[in-house]
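Visitor: I'd like a walk through this one, with the reasoning behind each label. Could you show it to me?

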Amino acid sequence: MKALVFDKNGLQNLKLTDYQDPETKPNEVLIRVKMAGVNPIDYYTVERLKVKPIPHIPGVEFVGEVVKVGGYVKNIDVGDRVTIYGKIFDGTCDMCMSGYETVCRNGGRIGVDVNGGMAEYIAVEGKYVFKLPKEYSWELGSSLTVTALTAYHALKEAELRPSQTLVVFGASGNTGQFLVQLGKKFGAKVIAVSRKNWLKELGVDLVVDYSEVEEKVKEFTNGKMADVVVNSLGEQFWDKSFSVVGVRGKLVTFGTLLGANAKIDLSQLYSKHISILGVNRGNRKDFVELLDLCKDCKVKTWKVFKLEEGREALEGLFSKERDGRIFISI
Ligand SMILES: NC(=O)c1ccc[n+]([C@@H]2O[C@H](COP(=O)([O-])OP(=O)(O)OC[C@H]3O[C@@H](n4cnc5c(N)ncnc54)[C@H](OP(=O)(O)O)[C@@H]3O)[C@@H](O)[C@H]2O)c1
Ligand SMILES: [Zn+2]
């Protein structure tokens, strides 16, 4: 089969290559991949993460059609359109037992710790494979495994409630697009912090620029400030994001796109009863709920690349012209 493969870290080493066809074990499903969503994690995977196996096929987020089903797998048939839950879990540790597969003590990530979906075919254990409801296009479907799941889990963990105010930094980004739409589904008022003006099309109540976020959030909330703030950009906007959290509010993070070192004024933290929450991807239960909840979600696409353009697709993540999601059609 054709696959994007690298044999040592570095984007320059990512090449379209002939790779041995995956075998399908009795507990596995063979998927003909149709589309992969491109995420920062794919870029980090190629550039610097320690991966297995080497040579490695990246791709944490993908959808496709089932072409073969191992004998032990029930509920999945040849021809099904499928998506995957992408966190590897053992099902036996205390975290898995309490429904937190996303932080399984013996866990990993499909696309990092085993080969991913930037290939024509992938064999995946049946427990990770879920039927894609008919409402999902390939693009929306390949925005579930990482992008929408992380957004949904973050809002659940923050216990966002109807009529509360949610502020999302980097709202036009992959996770941002889903945070704002899911925030509306939770019944919240949503403020998008973004350099783009099309966020209104995703149903947000207010779009503000990074430079004016404090005054605009203050005005919008009559001085109460936000109940939940999501900052996956990290350091660069940490102070700004902290400054718009209101009394008993929560600041949620799952990423450090623009730096990982943040300072915090502890006196502000305790005097306002603020909580800081770190979250990571999401659980299987979240994934099943999301499949049902996000059927009418929208995805703003910037570009769809071909498999042989994998390098350009990954580089596009950091392009100044980028205006929405990047996909690879396979
Ligand atoms: N832990 C997890 O499970 C998990 C899951 C998903 C993502 N993440 C992490 O979360 C972070 C965000 O992921 P994402 O996929 O949403 O990223 P993304 O699609 O690249 O979005 C980032 C957004 O940040 C805004 N931004 C502001 N200043 C920027 C700058 N100087 N350079 C680039 N972007 C800038 C842009 O939005 P505007 O144009 O709207 O300003 C951009 O669209 C990444 O670090 C990612 O690795 C972690
Ligand atoms: Zn576990």
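Visitor: Leaving aside its neighbours within four places in sequence, which residues is Val 168 in contact with?

Guide: Gly 176, Leu 179, Val 180, Gly 183, Val 190, Ala 192, Val 193 and Val 230. Contact here is C-beta atoms, placed from the backbone, lying within 7 Å. Bear in mind that this is a predicted model, where local features need pLDDT of at least 70 and side-chain atom pairs count only at pLDDT 80 or more, while totals for chains, interfaces and linings use all residues. Residues are numbered from 1 along each chain as its sequence is written, and chains are lettered from A and ligands numbered from 1 in the order in which they are written.

Visitor: What makes Val 168 stand out in the largest nonpolar core?

Guide: Of the 96 residues in that core, Val 168 and Ala 192 touch the most other members. A nonpolar core is a set of buried Ala, Val, Leu, Ile, Met, Phe, Trp, Tyr and Cys residues joined through C-beta atoms within 7 Å. Helix 4 gives the most to this core, with 8 residues.

Visitor: Why is this core said to lie between domain 1 and domain 2?

Guide: Domain 1 (2-143 + 299-329) and domain 2 (150-278) both give residues to it, so the core lies between them. The bounds come from an automatic or database domain assignment. The C-alpha centres of the two domains lie 28 Å apart.

Visitor: How do you know that helix 5 is mostly covered?

Guide: 10 of its 12 residues are buried, meaning that 20 or more other C-beta atoms, placed from the backbone, lie within 10 Å of a residue's own (12 or fewer is exposed, in between partly exposed). Among them are Phe 178, Leu 179 and Val 180. The cover includes helix 4 (144-157) and strand 10 (165-169). Helices (H or I, at least four residues) and strands (E, at least two) are DSSP runs, numbered from the N terminus.

Visitor: How does the reach of helix 5 compare with what is expected, and what sets that value?

Guide: From first C-alpha to last, helix 5 reaches 17 Å, close to the expected 16 Å. The expected span is 1.5 Å times one less than the number of residues.

Visitor: Which residues are closest to ligand 1, and what makes a residue count as near?

Guide: The closest of the 25 surrounding residues are Gly 170, Ser 172, Gly 173, Ser 194 and Gly 255. Near means a C-beta atom, placed from the backbone, within 6 Å. Helix 5 gives the most to this shell, with 3 residues.

Definitions and conventions:
Contact = placed C-beta atoms within 7 Å.
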